[in-house]
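Grab a coffee and open the viewer: here are some exercises with worked solutions. Try each one before you read on.

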Amino acid sequence: MSTLLTVENLKMHFPITQGIVFQKQIAAVKAVDGVSFEVKSGETLGIVGESGCGKSTLARCILRLLDPTEGTIMFDDRDITHLSRAEMRPLRREMMMVFQDPYASLNPRKRVGFTVAEPLEVNGIGTPAERKRRVQELLEVVGLSPEHYNRFPHEFSGGQRQRIGVARALAVNPKLIVCDEPVSALDVSVQAQILNLLKDLQREFGLTYVVIAHDLNVVRHISDRVMVMYLGKIVELASDRELYHQPLHPYTGALMSAVPSPDPKRARGRKPIVLEGDVPNPINPPDGCRFHPRCPRMQTGVCDVDEPELIESVAGHSRACHYPLEHWPMSPEELRQPASVTPTLAST
Amino acid sequence: MALLEVENLKTRFRTDDGVVTAVDGVSFTLEKGETLGIVGESGSGKSVTCLTIMGLNDPRNTVSEGAARLDGVDLLTTDPESLRALRGMRIAMIFQDPMTSLNPVKKIGWQLEEAVLVHRDVSRKESRALAIDAMKSVRIPRAEQRIDDYPHQFSGGMRQRVMIAMALINEPDIVIADEPTTALDVTTQAQILDLMNELQREREMAIIMITHDLGVVAEVADEVIVMYGGQVAEHASVDDIFYRPRHPYTWGLLGSLPRLDLEVERLEQIPGQPPSLLNPPSGCRFHPRCTFAMDICRTEVPQLLPFGEGLHLQRCWLDDATKERESARTVAGLQQEAS
């Protein structure tokens, strides 16, 4: 499989300024702070993390909806980091986005047909008649009917609106679709419909997805590989099976143990690793490992001083931790006692 | 006598488009120390059921029928003054969205103290001490200092703790929690559920937990009500709901859930959309989306009837043998990797 997207050392710092005329930068919100990864053509990369970990900012940077502070983004072997708006325009049809809120992401005054046809029109594809045919075809592909062409968004339920959002993203045959929380606003019984639809479309059109979600269940279901983020950094990156069966980072472990299991017997036997406190402020992230103030395996003198790098410990499984988990599942007691006293530093 | 007895509760709203029966005949009982989970999708009537019990619907466009007896006192018919005395004192509510449920221009401490001062004859000094205790009980660090903070100075998880502290400050017998963790991250959700569980054990509170998350229900509930289209579709112990479900909607819900501990290529999906209560489907409310729908389902409304022995109520026309077979099939599909 070829690599479709390469992100290297990407940073997005939002400046905080003081003063009205002479705006002086006094600090920066480090929303994304040095993130590197690849997305292969035809795969689904899931990005999970809690609110404020930078996952949505990262998505916006990939699509160049934001201008990253540092780093490079290669799309289809082309550096797109510094392309101008005009230079980006022809590339926009290669990379589309499905938004979180199907109520806010469709223009209520425009007919569905217009909304779905807009990407075609902007890119000057086809005649009006051809576009109409294409849109009707797309509506069918996403499980709506061609008659819906002339309706307004308010006539549709949440799940149907999300289908319209997917049809719009598909209109120009993109290579990459970034889905930002595609199902979080939907009812449980409708979520499955959209997740199945995304999977079917991927198989049919060979799409590549980057799916951002806070729900680990959703990410695990839809992804081939999963990237876990914490406070602007990648803490772990692995195939979805690997990650579930053998998480290496304590944060991943804590996240997974916190997901309630819809199985009462397991739920009763389960001891979640309860993390204390909240996610720290990204203006002044902690020194050393960013997770250390909340980490149950924190070792003073190492974790709070030395920042762990993201290193590959097994083929295709990377983690940024000095004391990765030895096995899984782990009781909270075992978790507190890292087996090796010597940290796995990047240099060794 | 049960602590809370809800009997044939019906709530109708008058809207511009017609009358909506949001809750259509809900009955249950709640004992001391018990946790009842109510699951359902948006519009299934789960929140309205609880707002009706609490008397928090707008009286100008709402009509409620039935009864909700707290220790024999019907909350629906009692006079407003005695309802006010009970509400917040014996039966309290934790609201879903901690961002909008707190007053942004009042200090946290004042909002907590208000709950005390409304119900009890105590001095401001005592109420402040109670507020600090309540904040400590929900493990808000540095409670003495943070009592003078405003809501915007708290994180989402901390605000939800304030909401819980507010509900618990008068040590009520029943707490109704309406999606208390939906707006929170998983790690914060784990903290909050853990905390509620501990406080429940300490105080023998009864909890009604409203949620759309079956994982949360499996975790906290003793008994579960599955609601669909304003009606109870199934009502059973938590183990029966998850291991012996008897209603096609429950099967669909269990099968359509993406799960961390299960690798499936395709999720089972319930076709269609949740019904509009303005024009509810004829017969069984679930029949337009049900793969087992028969002729009778389209015309006759099934009754909520017991299945086998013990408490297990379900509203479905299918014969018992089919129900047992399909239920076993659904559950087996969810067990493959779990073993």
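**Exercise 1.** Which residue of β9(B) is the bridge partner of Leu36(B)?

*Solution.* Keep in mind throughout that this is a predicted model.
- Start with the strands. β3 (residues 35-39) of chain B pairs with β9(B) in the parallel sense, over four bridges.
- Now look for the partner itself: Leu36(B) is bridged to Glu223(B).
- Carry on to the next strand. Glu223(B) also has a bridge partner in β10(B), namely Ser237(B).
- That second pairing, between β9(B) and β10 (residues 231-237) of chain B, is antiparallel and counts six bridges.
- Finally, check the turn. β9(B) and β10(B) make a hairpin with two residues between them, and Gly229(B) in that turn has a positive phi of about 55°.

For background, strands in a sheet pair through backbone hydrogen bonds, in either the parallel or the antiparallel sense.

**Exercise 2.** Work out why strand β9 of chain B counts as largely enclosed by the rest of the structure.

*Solution.*
- Sort the side chains by direction. Glu223(B), Ile225(B) and Met227(B) point one way from β9(B), while Val224(B), Val226(B) and Tyr228(B) point the other way.
- Check burial on each side: all of these residues are buried.
- Put it together. Six of the six residues of β9 (residues 223-228) are buried, so the strand is largely enclosed by the rest of the structure.

**Exercise 3.** Over in chain A, find the strand order of the open sheet of four strands, and name its edges.

*Solution.*
- The order reads β2-β1-β4-β5 in chain A, and the pairing is antiparallel.
- The edge strands are β2 (24-40) and β5 (78-79) of chain A, since each of them pairs on one side only.
- For one pairing inside the sheet, take β1 (residues 3-18) and β4 (residues 70-75) of chain A: five bridges join them, antiparallel.
- One bridge to look up is that of Thr6(A), whose partner in β4(A) is Met74(A).

**Exercise 4.** Why do Cys295(A) and Cys321(A) not form a disulfide?

*Solution.*
- Recall the cut-off: a disulfide needs two cysteine sulfur atoms within 2.5 Å.
- Compare that with the model. The cysteine sulfur closest to that of Cys295(A) belongs to Cys321(A), and at 6.1 Å it is too far away for a bond.
- Add the surroundings: Cys295(A) is buried at 16% relative accessible area, and Cys321(A) is buried at 9%.
- The overall tally is zero disulfides over all chains.

**Exercise 5.** Does helix α8 of chain B have the span its length predicts, or what else do you find? Put as a sum to check: what should its 18 residues span at 1.5 Å a residue?

*Solution.*
- The helix runs over residues 186-203 of chain B and should span 26 Å.
- Its end C-alpha atoms lie 26 Å apart, which agrees.
- Next, look at burial. The buried residues of α8(B) include Val186(B), Ile192(B), Leu195(B), Met196(B) and Leu199(B).
- Right after α8(B) comes Glu204(B), with a positive phi near 55°.

**Exercise 6.** Describe what lines the second largest pocket.

*Solution.*
- Begin with its volume: about 700 Å³ of space.
- Of its 27 lining residues, the closest to the centre are Leu65(A), Arg92(A), Met95(A), Met96(A) and Val122(A).
- By class, the lining has 13 nonpolar, five polar and nine charged residues.
- By element, α2 (85-92), β6 (95-98), α3 (112-122) and α5 (158-170) of chain A each supply at least two residues. α3(A) gives the most, with five.

**Exercise 7.** Hunt down some backbone oddities: where do Asn8(B), Arg142(B) and Pro329(A) sit?

*Solution.*
- Asn8(B) is in strand β1 (residues 4-15) of chain B. Its phi is positive, about 45°, although it is not a glycine, and it counts as partly exposed at 42% relative accessibility.
- Arg142(B) is in the loop between α5 (124-137) and α6 (143-146) of chain B. Its phi is about 50°, again positive in a residue that is not a glycine, and at 53% relative accessibility Arg142(B) is exposed.
- Pro329(A) is in the loop between β12 (317-319) and α11 (332-336) of chain A. A cis peptide bond, with omega about 0°, joins it to Trp328(A).

Methods
Residues are numbered from 1 along each chain as its sequence is written. Chains are lettered from A and ligands numbered from 1 in the order in which they are written. This is a predicted model: local features need pLDDT of at least 70, side-chain atom pairs count only at pLDDT 80 or more; totals for chains, interfaces and linings use all residues. Side-chain values use heavy atoms; hydrogens and water are left out. Buried means under 20% relative accessible area, exposed over 50%, partly exposed in between (1.4 Å probe, protein chains only). On a 1 Å grid over the protein atoms alone, a cavity is a set of points where a 1.4 Å probe fits but cannot get out, and a pocket is an open set with protein on both sides within 12 Å along at least five of seven lines; lining residues have an atom within 4 Å of a point. Grid points are joined across faces, edges and corners, and a volume is the space filled by probe spheres set on the points. Ala, Val, Leu, Ile, Met, Phe, Trp, Tyr, Cys and Pro count as nonpolar, Asp, Glu, Lys and Arg as charged, and the others, Gly among them, as polar. Two strands pair if DSSP finds at least two bridges between them. The expected span of a helix is 1.5 Å times one less than its number of residues.
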